[in-house]
Amino acid sequence: MPDGPESPAGPEFPRKETFMTLQVAFLAGSDVTSHLAVNAAVRSLAAEDVGIHLFYTAQKPNPAAPRDRREVFFIEHQLINDVLYPHVAGAGIPS
């Protein structure tokens with residue numbers, strides 16, 4: 001006798017439930033603000049059954065921006081590129 005009811009296509013077999021893990025991708029610019037936002041989101045998701053993928057984008061300063069903003073952009077990006085990324089790479093953390 002079959003495990004399940006008959007259907008026009010033939011006997012139905014017991015269904016195996018499959019679950020997919022939620023996959024979340026974050027695109028972080030090389031600025032402090034986006035890294036703080038991604039850090040907060042990743043910390044809140046870390047205890048969940050979630051696949052987390054981090055992607056870093058390359059940005060260029062806006063030449064039409066005021067000089068002060070271009071300087072902040074440069075400092076933020078240089079800090080991220082010269083300090084954070086090498087630290088992450090040296091710690092063996094996949095990026």
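The following questions and answers go through the predicted model shown above.

The model is predicted, with local features needing pLDDT of at least 70 and side-chain atom pairs counted only at pLDDT 80 or more, while totals for chains, interfaces and linings use all residues. Residues are numbered from 1 along each chain as its sequence is written, and side-chain values use heavy atoms, with hydrogens and water left out.

Reader: In what order do the elements of the protein run from the N terminus on?
Author: The secondary structure comes to 2 helices and 4 strands, where helices (H or I, at least four residues) and strands (E, at least two) are DSSP runs numbered from the N terminus. Taken from the N terminus on, the order of these elements is β-β-β-α-β-α.

Reader: What percentage of the residues of the protein count as buried?
Author: Buried stands for under 20% relative accessible area, exposed for over 50%, and partly exposed for what lies in between (1.4 Å probe, protein chains only). Of the 95 residues of the protein, the share that counts as buried is 19%.

Reader: Which residues is Val-38 in contact with, leaving aside its neighbours within four places in sequence?
Author: Val-38 belongs to helix α1, residues 32-45, and is buried at a relative accessible area of 12%. Its C-alpha atom is separated by 6.8 Å from that of Phe-26, although the two residues are 12 apart along the chain. With contact taken as heavy atoms within 4.5 Å, and with neighbours within four places in sequence left aside, the residues that Val-38 touches are Phe-26, Ala-28 and Leu-54.

Reader: Is His-35 buried or exposed, and what is its relative accessible area?
Author: His-35 is placed in helix α1, and, leaving aside neighbours within four places in sequence, its contacts include Tyr-56, Ile-80, Leu-84 and Tyr-85. His-35 is buried, and its relative accessible area is 16%.

Reader: Which residues of α2 are buried?
Author: Helix α2 has 24 residues and reaches 34 Å from its first C-alpha to its last, close to the 34 Å expected at 1.5 Å a residue, the expected span being 1.5 Å times one less than the number of residues. The buried residues of α2 pack against α1, and they are Phe-73, His-77, Ile-80 and Val-88.

Reader: Where is the kink in α2 centred?
Author: The bend at a residue is the angle between axes fitted to the seven residues ending there and the seven starting there. In α2 there is a kink of about 30°, and the residue on which this kink is centred is Ile-80.

Reader: Which side chains meet in a salt bridge?
Author: A salt bridge is a side-chain nitrogen of Lys or Arg within 4 Å of a carboxyl oxygen of Asp or Glu, and the structure holds 1 salt bridge. Its partners are 4 residues apart in helix α2, residues 67-90, and so are separated by about one helical turn. One partner is partly exposed, Glu-71 with a relative accessible area of 37%, and the other is exposed, Arg-67 with 58%. At 3.1 Å from N to O, the side chains that meet are those of Glu-71 and Arg-67.

Reader: What is the accessible surface of the protein?
Author: Accessible areas come from the Shrake-Rupley method with a 1.4 Å probe, and for residues only the protein chains shown count as cover. Carbon and sulfur atoms account for 61% of the accessible surface, which comes to about 7800 Å².
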